[in-house]
Amino acid sequence: MSKKKLTKRELQKRQIFEDKKNKRTLRISFGLLFVFIILYLVFHTFWYDTKFAYRQYAFYGKEVPTELVCMNGDKLLNHKSLKLSYKGKDYFFCNRDCYEHLVNHYKEDAFIPDPLSGDTICKANALIGLKNRGEPEIVYFQNRKTFNQYYKSKK
Ligand SMILES: [Zn+2]
């Protein structure tokens, strides 16, 4: 009788022990998951910032791809842009709001003078370059000739 009781108690003890162990495993797993998520977020942000900073130097004097600019804000983006058409031409934006802005201010937003020739050009047809090294502002050029002239004069 006493032996059986002891076994029961032992069983209970073991049960408690197992529970504790499970709880600890669960806590460690959650802890690791949490640490992993934090690391991922930090890395993710850091990676995009680094790439963005790098591009502000790497693209200087080179043609900037349209899918990395906003034609409303006239800036290089740290993410891919949204391609949207208006009046049969493709424009690139950070988001829909910028597109709406261009549509509502079409004459002021979609056209800009070439910095060298002074001719008004449509952003959708322009060659895009960085205004200054290490800065996100962009300039629009009529053609390769004014593009090259601009960077030559900046040297
Ligand atoms: Zn924008």
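# Exercises on a predicted chain

Ile112 is partly exposed, with 17 other C-beta atoms within 10 Å. The model treated in these exercises is a predicted one.

**Exercise 1.** Determine the exposure class of Ile112 from its C-beta count, then describe its surroundings.

Solution.
- Step 1. A residue is buried at 20 or more other C-beta atoms within 10 Å and exposed at 12 or fewer. The count for Ile112 is 17, so Ile112 is partly exposed.
- Step 2. Ile112 belongs to strand β5, which covers residues 111-113.
- Step 3. With neighbours within four places in sequence set aside, the contacts of Ile112 are Ile121, Lys123 and Tyr140.
- Step 4. Ile112 and Val139 are separated by 27 residues in sequence, and their C-alpha atoms lie 9.1 Å apart.

**Exercise 2.** State the order of the secondary structure elements and decide whether the chain is as condensed as a compact globule or more spread out.

Solution.
- Step 1. The chain contains 4 helices and 8 strands. Read from the N terminus, their order is α-β-β-β-β-α-α-β-β-β-β-α.
- Step 2. For 155 residues the globule rule gives 15 Å, whereas the radius of gyration of the chain is 30 Å, well over that value; the chain is therefore more spread out than a compact globule.
- Step 3. The spans of the C-alpha trace along its principal axes are about 105 × 35 × 15 Å.
- Step 4. Of the 155 residues, 18% count as buried. Among contacts between residues at least 6 apart in sequence, 42% join residues at least 24 apart.

**Exercise 3.** Describe how β3 and β4 pair, and identify the residue with a positive phi in the turn between them.

Solution.
- Step 1. Strands β3 (residues 82-86) and β4 (residues 89-93) are antiparallel and share 5 bridges.
- Step 2. Two positions illustrate the register: Leu82 faces Phe93 in β4, and Leu84 has Tyr91 of β4 as its bridge partner.
- Step 3. The two strands form a hairpin with 2 residues between them, and the turn residue with positive phi is Lys87, at about 50 degrees. Lys87 is not a glycine.
- Step 4. Lys87 has 10 other C-beta atoms within 10 Å and is thus exposed.

**Exercise 4.** Locate Asp74, give its phi, and determine its exposure class.

Solution.
- Step 1. Asp74 is situated in the loop between β1 and β2, the latter strand covering residues 75-76.
- Step 2. The phi of Asp74 is positive, about 55 degrees, although the residue is not a glycine.
- Step 3. With 17 other C-beta atoms within 10 Å, Asp74 is partly exposed.

**Exercise 5.** Identify the residues that touch the most other members of the largest nonpolar core, then find which element gives the most to this core.

Solution.
- Step 1. The largest nonpolar core has 21 residues, and those touching the most other members are Val69, Cys70, Met71 and Phe93.
- Step 2. Two or more residues each come from β1 (69-70), β4, α2 (96-104), β7 (127-130) and β8 (138-141).
- Step 3. The greatest contribution is that of β8, with 4 residues.
- Step 4. For Val69, with neighbours within four places in sequence set aside, the contacts are Val64, Lys75, Leu76, Leu77, Ser81, Phe92, Ile128 and Ile138.

Definitions and conventions:
Residues are numbered from 1 along each chain as its sequence is written. This is a predicted model: local features need pLDDT of at least 70, side-chain atom pairs count only at pLDDT 80 or more; totals for chains, interfaces and linings use all residues. The radius of gyration is taken over C-alpha atoms; the globule rule is 2.2 Å times the number of residues to the power 0.38. Two residues are in contact if their C-beta atoms, placed from the backbone, lie within 7 Å. Two strands pair if DSSP finds at least two bridges between them. A nonpolar core is a set of buried Ala, Val, Leu, Ile, Met, Phe, Trp, Tyr and Cys residues joined through C-beta atoms within 7 Å.
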